[in-house]
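Look at the model below before reading on. The text then goes through one chain and one place where two chains touch.

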Amino acid sequence: MVLYALIAGVLIGLFYGFAALGLSLAFGVLRVVNIAHGDVIVLGSYLAYELSTQAHINPLFAIPIAVPLAVALGMAFYRFVAPSLGRSSDPEMVSLILFFGVSQVIEALATIGFSVNQDTLLTGPIGNGAVRILGQSFPNYYPAAAAVAVPGALLVMFYLYRSRLGLATRALMSSRADAMLSGIDVDRTSALSFGIALALAASAGALSVYVNGGVAPTDGPGLTTTAFAVVVIGGLGNPGGALVGGLVFGLAEQFAQSYEPNWAGLVPYVLLLAVMLVKPEGLLGRRVRYA
Amino acid sequence: MPEGVAGASGQRATRAQTWRRRGADVAAVLVPTVLFALARTVDSNLLLLVTIMVYVVLAQGVNVIYGFTGYLPFGYVGFFGAGAYGTYIAVAHLGAGAVEATVLGGVCAVLVAIVLIPLLRLRGAYFAIASLAAALALSSLVSNPSLQSVTNGPYGADLSQVFSSGGSYWTAVVIVAFAMLVVVVLRRSRLGLQLRAVRADQVSASYAGVNVVAARTGAWLLSALLAGLAGGVYAWAISTFYPTAVFDTTISLFAIVFALFGGVGTVLGPVVGAVVLYYVYNAIGVNDPQYFQLIFGVVIVVIALFLPGGLAAVLLGARRRLATRGADAG
Amino acid sequence: MPAESASAAPIGEAPPASALLAVAAVTKLFGPLRALDEVSLRVDRGEVLGLVGPNGSGKTTVINVISGLLAPTSGRVLLEGQDVSGKAPFRLARRGINRTFQIPKPFPALTARENLAVAFHGSRLTDAEILELVGLGGREERLASELTASDQKRLDLARALVTGPRLLLVDELGAGLSKTELDELAGILRRLVAELGMTMVVVEHLMGFLEQVADSVTVLNAGAVIFSGGLSEALSDPAVVKVFIGG
């Protein structure tokens with residue numbers, strides 16, 4: 001049981017980290033928590049679901065379709081709201097309320113489009129067989145989720161730490177004012193980062209339809225809370241921390257499910273509250289300024 | 001009504017102004033109370049009226065915590081659910097009467113708020129989401145099968161032995177009056193002034209000798225008390241319910257949107273917001289909740305981007321423009 | 001009691017009990033940065049101590065530590081011989097320590113009168129008298145956000161005075177003010193000392209301002225005290241001259 005929980009925790013944890021990466025990136029750049037993050041994941045899940053059930057192609061193809069769409073939408077959205085937020089006296093609170101509204105709109109549209117019931121994909125991402133790892137048997141979406149999450153996260157790290165645009169993004173994350181004075185096109189960089197953040201969320205959706213046992217329009221807030229817990233555990237605004245947070249979260253969840261299934265539902269919330277109150281800068285975070 | 005007008009136009013408060021202000025305060029408490037008391041002669045659906053009153057109280061509770069301190073509680077429903085379950089436990093295990101049980105529901109929510117005081121160390125989005133996590137944790141705790149002997153776990157609570165549609169209705173009217181009183185008194189009180197100062201600048205407030213933590217905690221507990229009473233009377237009115245019904249995060253959402261729509265920091269804004277929007281919801285939302293949610297979401301986006309002061313700010317802006325135009329003419 | 005650190009100059013022979021404020025070997029670290037290095041100073045009742053030093057020398061940090069905004073990493077702050085280190089600002093405000101800010105932050109949505117009404121009242125002067133004293137008479141009903149920068153400084157000072165401080169910490173009152181405004185504020189500070197017997201620590205860049213108000217000065221450099229004594233001696237002290245001219 002220990003071995004099972006350990007492997008499952010790592011595999012699912014990597015996925016959680018990936019699913020939370022966009023939230024962390026959006027926070028780093030916009031200094032606001034995208035409450036609608038989970039709803040974007042839901043949209044990604046629906047895309048995967050429709051591809052599989054209507055077009056009969058592998059649901060993972062949702063990722064290459066969703067990425068350009070999400071980047072474009074995210075950039076447009078940023079351009080639309082940035083002027084209003086810039087004028088506000090309390091941009092953090094206002095954007096929190098704004099994203100709260102956006103989350104409601106997405107949830108309503110998803111309900112209108114796909115009905116309120118939960119939809120479950122019966123075919124797995126790579127057939128239906130179980131996968132054996134170290135003598136333990138797992139549904140095949142466990143390793144599939146990890147196999148998408150790891151290169152996805154590496155790609156983001158490569159972008160942030162090896163590309164010129166990524167350097168500008170990191171500069172922006174550490175100080176908006178200094179970035180502006182250094183001649184960085186802050187608006188364009190922010191818009192692109194926000195687009196990438198949404199693309200990451202939508203990509204995670206293609207797998208969360210399995211990891212969550214399906215997709216329903218109302219899943220958004222729960223997914224946002226989970227992603228937020230993951231990001232806070234690792235340190236908000238620190239994309240690398242999201243992966244560590246995901247691992248901690250995945251392991252805690254899997255061990256709780258193995259040993260105390262009745263109380264496993266409490267784990268995400270208790271973990272989130274504990275980290276926020278005891279070490280708000282995250283397990284490996286430098287202290288970040290917030291509010 | 002809102003402070004901007006009184007502050008900007010007033011020179012030294014004259015006796016007449018003082019009386020007018022007191023009159024407005026009394027009216028702010030009495031008018032909604034009397035209207036709700038009379039509402040049963042117009043609309044015989046008492047459960048609907050109780051539900052609206054519950055949302056009026058919740059919107060005022062959000063007003064107290066968000067309007068006065070700037071802490072946005074996404075998990076506000078946690079206090080509502082605590083109130084509902086406190087009431088259930090009081091009736092089922094302590095043999096309390098329904099009215100006492102409702103009060104105990106309020107007390108139960110305050111106890112939860114006391115446990116959650118450390119959350120006030122967090123700010124902004126951290127606080128908002130932490131409060132949500134706390135509410136979800138509480139919900140998961142209450143509906144846990146291991147606690148069946150106390151809360152009846154996921155199988156729901158039954159209060160039908162004390163059911164009284166009239167009793168719960170009148171109790172709700174009294175709670176509305178109490179909520180209005182809390183907000184009016186808070187606005188005029190020293191605590192209210194301190195909270196405004198803390199909201200404006202925490203450090204300056206501290207050097208003005210304001211105990212920032214105590215002031216904020218006061219608002220937090222008051223706000224929890226209102227939600228707990230609302231949850232208690234709601235539980236009484238609907239009689240049987242599942243944990244998912246009284247810990248539904250939609251309840252937080254409604255309360256926050258009603259308050260924002262009407263205008264936080266004002267006395268009547270949240271009342272108007274709750275009544276108007278809940279009637280709209282009742283007209284189109286019950287059958288087609290997704291369309292209502294869509295409208296709702298758009299309203300929130302519009303408020304966030306264009307109308308941070310809510311309906312009250314729009315009306316006041318119009319009034320101020322009229323006033324200046326009148327002054328120019330005269 | 002105030003442990004004389006190696007870097008501090010002698011601070012007088014009187015027994016420490018007569019000092020209103022004693023700062024004893026206070027060190028404040030910000031991560032690896034040593035913002036204050038065993039700083040000791042004392043201020044007697046009715047004395048006005050000028051605190052000077054180049055940018056980043058730790059003047060405002062000293063004020064922040066004394067007024068409770070920051071807790072010292074080590075060392076103690078004594079008010080009338082009692083340890084008040086690390087107490088919350090609102091408690092110190094109620095015990096008689098208050099301060100002004102280099103950039104004042106009055107409550108913008110509150111009127112001048114309300115800005116004072118919100119405060120703990122420890123002064124024997126009425127709010128109206130205090131507003132008159134700082135030169136805000138007639139502007140009681142203005143919103144703080146509508147006041148000029150100079151009037152906001154006056155309001156900040158009034159807010160501190162309402163709590164009835166025995167020790168007032170004044171942080172760069174002169175910054176950004178005209179000569180006339182500066183002289184007026186210096187006059188107000190002198191009245192506070194003469195008429196209310198107030199004790200002060202005044203952080204200031206402008207020597208002209210200090211000459212008008214300070215009885216003695218303490219010079220900080222890189223977080224350490226390099227001089228304590230009269231203002232004119234300070235200006236001829238080679239260590240001080242080196243910091244100000246050479247630094």
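The following paragraphs take the fold of chain A and then the contact between chains B and C.

The model is predicted. Chain A is built from 11 helices and 2 strands. Following the sequence from its start, the order of these elements is α-α-α-α-β-β-α-α-α-α-α-α-α. The two strands thus come one after the other in the pattern, with helices before and after them.

Next comes the overall size of chain A. Its C-alpha trace extends about 55 × 45 × 35 Å along the principal axes. For a chain of 291 residues, a compact globule would have a radius of gyration near 19 Å; the value for chain A is 18 Å, so the two agree.

How much of chain A is buried? Of its 291 residues, 53% are buried, and a residue counts as buried if 20 or more other C-beta atoms lie within 10 Å of its own. The contacts inside chain A can also be sorted by distance along the sequence. Among contacts with a separation of 6 or more, 76% join residues that are 24 or more positions apart.

Now turn to chains B and C. Here 20 residues of chain B are in contact with 25 residues of chain C. On the chain B side, the elements that contribute two or more residues are α1 (3-9), α9 (190-200) and α10 (202-207) of chain B. Which element gives the most to this side of chain B? That is α9(B), with 5 residues. Sorted by class, the side of chain B that touches chain C consists of 9 nonpolar, 8 polar and 3 charged residues.

Methods: Residues numbered from 1 in each chain as written. Chains lettered and ligands numbered in written order. Predicted model: local features only at pLDDT ≥ 70, side-chain atom pairs only at ≥ 80, totals over all residues. Contact = placed C-beta atoms within 7 Å. Helix = DSSP H or I, 4+ residues; strand = E, 2+ residues; numbered from the N terminus. Nonpolar A, V, L, I, M, F, W, Y, C, P; charged D, E, K, R; others polar. Rg over C-alpha atoms; globule rule 2.2 N^0.38 Å. Buried ≥ 20, exposed ≤ 12 C-beta atoms within 10 Å, placed from the backbone.
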